[in-house]
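I sat down today with a fresh model and a cup of coffee. My plan was to look up the aromatic rings, then the strands.

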Amino acid sequence: MAYYRLLGEVPPKRHTQHRRPDGGLYYEELMGEEGFSSDSSLLYHRFLPSAIGAAEPWELTGQATAPNHPLKPRHFRLPALFATVDSSTVDVVTGRRLLLGNADVRLSYVVAGAPSPLYRNAIGDECVYLEAGGADVETVFGRLSARTGDYVLLPRATTHRWVPTGDEPLRAYCIEANSHIAPARRYLSRFGQLLEHSPFCERDLHGPSEPLVAEGTDVPVLVKHRGPAGAVVGTRYVYPDHPFDVVGWDGCLYPYTFNVSDFEPITGRVHQPPPAHQVFEGNNFVVCNFVPRKVDYHPLSIPVPYYHSNVDSDEVMFYCGGDYEARKGSGITQGSVSLHPGGHSHGPQPGAYERSVGVEFFDELAVMVDTFRPLELGEAAAECEDEAYAWTWARGRG
Ligand SMILES: [Fe+2]
């Protein structure tokens with residue numbers, strides 16, 4: 001995210017003395033991507049950022065996946081995963097349930113009312129979409145105020161915790177990459193500014209507004225990290241002093257939020273392909289969103305998508321608002337996820353193609369993740385699958 005910010009106190013020259021009021025030195029840490037070859041920030045700590053007092057395994061459960069075999073389009077009802085769970089006992093970090101995953105990205109869901117432990121993901125960036133609820137996301141860079149419709153972008157290894165605010169539990173759709181997640185490359189100038197044709201710009205990205213310093217000793221932090229043969233494993237560290245000890249930072253690497261309502265849809269006389277709806281990209285996957293919008297205005301247009309076989313991708317749609325026009329009659333509703341895998345041709349449900357003729361506006365909201373490698377099914381998938389979905393196109397014939 002090549003958009004410079006500065007918060008709190010930093011010295012006028014990098015890598016020089018930055019002194020506390022008592023005359024002692026703050027400790028400078030460079031947090032940077034791709035070795036020293038990409039975006040970075042410099043953080044100034046009260047305590048040594050490398051000081052850990054203990055390390056023990058954090059046993060992560062529910063990380064296993066199974067192939068989508070026999071190959072089927074699938075429908076999952078995510079709210080069913082938490083229908084009988086007391087959300088006041090669930091937090092966004094340890095309570096998330098893995099739905100789909102491959103070596104590039106993992107998709108999970110959680111309904112949470114409890115504050116999370118301190119946590120960081122050392123495997124890759126996280127992009128957490130808030131279907132409902134609000135939260136303070138406290139990070140080593142400062143606090144983010146997150147609300148319904150926000151994507152919360154957390155760079156790899158950003159120590160943070162989730163604190164729900166408001167009366168309703170958080171409903172969070174978590175996109176965990178094994179890489180970095182950034183705005184689509186084609187939206188950016190060669191120096192990283194969002195271009196005029198991008199559906200959003202820097203004013204729509206909201207970072208922390210001030211440093212966040214907390215007091216505490218013997219503070220546990222959960223770290224998700226790479227294990228043998230690509231496994232996802234965890235370690236629990238204990239820090240002698242609270243890791244939220246940064247008095248100032250500057251640079252182009254930091255967490256931020258982007259609200260889906262700030263995405264300005266690109267429309268046309270005839271159907272616009274999914275790349276027109278792209279927001280972010282990671283290694284071997286993209287994130288798109290379908291927002292309420294005027295639709296195709298050619299006099300003979302068909303506003304719902306044509307049937308398509310996106311031969312290089314698995315397509316995952318999370319239906320998170322409105323009434324999704326192309327899926328009417330399929331059982332898909334708020335909180336549903338559909339998986340349309342590569343190798344299966346998909347498109348609107350029976351009747352939707354015809355019904356869409358003459359429609360001028362779609363009131364729909366969906367977040368889509370397309371992966372270039374096949375997705376496997378997590379344990380949560382089996383618990384909330386609508387087994388009838390694969391046959392809904394055939395059922396509706398004639
Ligand atoms: Fe599709």
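These are my notes on ring pairs and on one sheet.

**Entry 1, aromatic pairs.** I kept in mind that this is a predicted model. I looked up the aromatic pairs and found 19 in the structure. I opened Tyr 151 and Phe 280 to begin with: their ring centres lie 5.4 Å apart with the planes at 85°, over the 60 degrees needed, so I noted the pair as edge-to-face. Tyr 151 sits in strand E13 (residues 150-154) and Phe 280 in strand E22 (residues 278-282), so this pair links parts of the chain 129 residues apart. I checked exposure too, and both Tyr 151 and Phe 280 are buried.

**Entry 2, another pair.** Next I turned to Tyr 187 and Phe 200, whose ring centres are 5.9 Å apart and whose planes stand at 90°, so this pair is edge-to-face. I found Tyr 187 and Phe 200 in the loop between strands E16 (182-183) and E17 (205-206), 13 residues apart. Both Tyr 187 and Phe 200 are buried.

**Entry 3, the cluster.** Where do these rings belong? I see one aromatic cluster that includes Tyr 151, Phe 280, Tyr 187 and Phe 200, with Phe 82, Tyr 109 and Phe 318 also among its members.

**Entry 4, the sheet.** I traced an open sheet of seven strands, in the order E6-E26-E25-E28-E23-E22-E16, with antiparallel pairing. Strand E6 (74-77) and E16 are at the edges with a single partner strand each, so one side of each has no neighbour in the sheet. Inside the order, I looked at E23 (residues 285-290) and E28 (residues 364-371), which pair in the antiparallel sense over six bridges. I also noted that Phe 290 has Ala 366 in E28 as its bridge partner.

Key
Residues numbered from 1 in each chain as written. Predicted model: local features only at pLDDT ≥ 70, side-chain atom pairs only at ≥ 80, totals over all residues. Heavy atoms only, no water. Phe/Tyr/Trp six-rings, centres within 6.5 Å; stacked < 30°, edge-to-face > 60°. Helix = DSSP H or I, 4+ residues; strand = E, 2+ residues; numbered from the N terminus. Buried < 20%, exposed > 50% of the residue type's maximum accessible area, 1.4 Å probe, protein only. Pairing = 2+ DSSP bridges.
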